[in-house]
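User: Could you walk me through this structure with a few questions and answers? I would like to see the reasoning behind each reply.

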Amino acid sequence: MIKVAFYDTKAYDKPSFEHLAAENDIEFKFLETKLNEDTAALADGCDAVCVFVNDTVNASVIEKLYNSGVKLIALRSAGYNNVDVRAAFGKIHVVHVPQYSPYAVAEHAMALLLTSIRRIHKSYNRTREYNFSLGGLTGFNLHGKTAGVIGTGRIGRIFIDICRGFGMNVIAYDLFPAADSGIDYVSLDELFERSDIISLHCPLTDDTTHLINSDAIDKMKKGVVIVNTSRGGLIDAEALLHGIKSRKIGAACLDVYEEEANVFFEDRSGHILNDDLLSMLISLPNVIVTSHQAFLTDEALHNIAETTVSNITSFFNNDDGMCNNELCYRCGHIEHCKKQRKQRCF
Ligand code: NAI
């Protein structure tokens, strides 16, 4: 029996994971608390931990897990910016779910965009109170507008297809442009200058932290709509607020927020929000915030559970422990990457 401490459990996690646990000889210890320095000890006696986007997996947490015998960190997410993969290297193996439903996220990005520019969030509230007036609800057509897509991986490309379906012109920026993809790549500055809508689909790294800052916003078109379903840290939220208040930014659609960790996924409706910046953003009529919900579809939950369980079982049950979804700080470096030689990362 493989014992797994399952941190930050949400009601929607349990059915899909419980269903697979028994048939794969896994015992999940479902914990509502997030993983951090104070809660790492709850994994004592477990072979693995299963974590999500707002668990803290820094060097000191990794050291504690390692000392208590944990051998695997199984992320049930694609992004892994919350894990210090360099600190884990040589101690605890890390696996993730590289893809579970890029459609879920790309479709949510478009849902946010449409809601925002057609003021659906406003009209929904109005008609519930039998207010059928149209004042202030004027939107604009997406057809013929230019979408600037930053990051053309799995999700970015689906978002591009969706935009093309709406008759939009699409330009894109990626650190590693995809050859022969038919995507019109431009420099980041050109993307900022030409886009009516900017949608972020790149990972959060040292290079991309605050990619959208005041300098970038200065270069953008007046009235630009910014959509972020990727990671909060890509946007300097203070600069965003300033850009909205100065009327430079026309609207913002945010599924992620840099300081989301202790707020998103929780019911805080009976509390006073101790984040003035988030309160201010939420209060603005041209800002829509969803709480890291883009992934949340039946299809994605099913795929997340299936891949996570398969990552855990292939790590513990395969003779060589090889798992295709293992990752480390050397991933992508051709000369160092052992995975490309069908070996464990270390
Ligand atoms: P992917 O790995 O398929 O694509 C990422 C793309 O970003 C790649 O083409 C890569 O070359 C590019 N990139 C890397 N560094 C860059 C840089 N400095 N500048 C521009 N482009 C850069 O990833 P995928 O599956 O498309 O996911 C994208 C992001 O979406 C993830 O990193 C994650 O943060 C976020 N995400 C959000 C979810 C949500 O529920 N809101 C759910 C799943 C993912």
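The questions below start at the ligand and then move to helices, loops and single residues.

User: Happy to begin with the ligand. How many residues surround the ligand, and which are the closest?

Analyst: Please keep in mind that this is a predicted model. The shell around the ligand divides into ten nonpolar, eight polar and four charged residues. In total, 22 residues surround the ligand, and the closest are Tyr100, Arg154, Ile155, Asp174 and Thr229.

User: Which residue has a polar side-chain atom 2.6 Å from an oxygen atom of the ligand?

Analyst: Let's go through the polar pairs one at a time. A backbone N or O atom of Phe295 sits 3.1 Å from a ligand oxygen, but that is a backbone atom. Asp255 does use an N or O atom of its side chain, yet its partner is a nitrogen atom of the ligand, at 3.0 Å. The pair at 2.6 Å, from a polar side-chain atom to a ligand oxygen, belongs to Asp174.

User: And how much of the ligand's area does the protein bury?

Analyst: Polar pairs such as the one between the Asp255 side chain and a ligand nitrogen, at 3.0 Å, are one part of the picture. For the area, the ligand taken alone exposes 860 Å², and the share of this that the protein buries is 86%.

User: Let's turn to helix α6. What covers its buried residues?

Analyst: Helix α6 runs over residues 154-165, and its twelve residues reach 17 Å from the first C-alpha to the last, close to the 16 Å expected. Its buried residues are Gly156, Ile158, Phe159, Ile160 and Cys163. Just after the helix, Gly167 takes a positive phi of about 80°. The cover over the buried residues includes α4, β6, β7 and β8.

User: Does the span of α11 agree or disagree with the value for its 20 residues, and what is that span?

Analyst: Helix α11 covers residues 298-317, and at 1.5 Å a residue its 20 residues should span 28 Å. Among its buried residues are Ala300, Leu301, Ile304 and Ala305. The end C-alpha atoms are separated by a distance that agrees with the expected span: 28 Å.

User: Is His210 buried, partly exposed or exposed?

Analyst: His210 belongs to the loop between β8 and α8. Its phi is positive, about 55°, although it is not a glycine. Because its relative accessible area is 26%, His210 counts as partly exposed.

User: Then how about Arg247: buried or exposed?

Analyst: Arg247 is in the loop between α9 and β10. Its phi is near 70°, a positive value in a residue other than glycine. With a relative accessibility of 57%, Arg247 is therefore classed as exposed.

User: Which residues does Thr208 contact, leaving aside neighbours within four places in sequence?

Analyst: Thr208 lies in the loop between β8 and α8. Its relative accessible area is 12%, so it is buried. Leaving aside those neighbours, its contacts are Cys202, Pro203, Gly233 and Leu234.

User: How far apart in space are Phe17 and Ile198?

Analyst: Phe17 is part of helix α1, and its relative accessible area of 1% makes it buried. Not counting residues up to four places away in sequence, Phe17 touches Phe6, Phe28, Phe30, Arg76, Ile304, Ala305, Thr308 and Val309. Ile198 is 181 residues from Phe17 in sequence, and the C-alpha to C-alpha distance is 36 Å.

User: Which residue's backbone nitrogen lies 2.8 Å from a polar side-chain atom of Thr39?

Analyst: Thr39 sits in the loop between β2 and β3, and at 9% relative accessible area it is buried. Beyond its neighbours within four places in sequence, it is in contact with Tyr7, Thr33 and Lys34. The backbone nitrogen at 2.8 Å is that of Asn36.

User: One last one: what distance separates the C-alpha atoms of Cys345 and Ser283?

Analyst: Cys345 is in the segment after β12 and counts as buried, at 3% relative accessibility. Neighbours within four places aside, its contacts are Phe89, Glu326, Leu327, Cys328, Arg330 and Lys338. Ser283 is 62 residues from Cys345 along the chain, and their C-alpha atoms are separated by 46 Å.

Key
Residues numbered from 1 in each chain as written. Heavy atoms only, no water. Near = heavy atom within 4 Å. Polar contact = N/O pair within 3.5 Å; in protein donor to acceptor, adjacent residues only side chain to side chain. Areas by Shrake-Rupley, 256 points an atom, 1.4 Å probe, with all protein chains shown as cover. Nonpolar A, V, L, I, M, F, W, Y, C, P; charged D, E, K, R; others polar. Helix = DSSP H or I, 4+ residues; strand = E, 2+ residues; numbered from the N terminus. Expected span 1.5 Å × (residues − 1). Buried < 20%, exposed > 50% of the residue type's maximum accessible area, 1.4 Å probe, protein only. Contact = heavy atoms within 4.5 Å.
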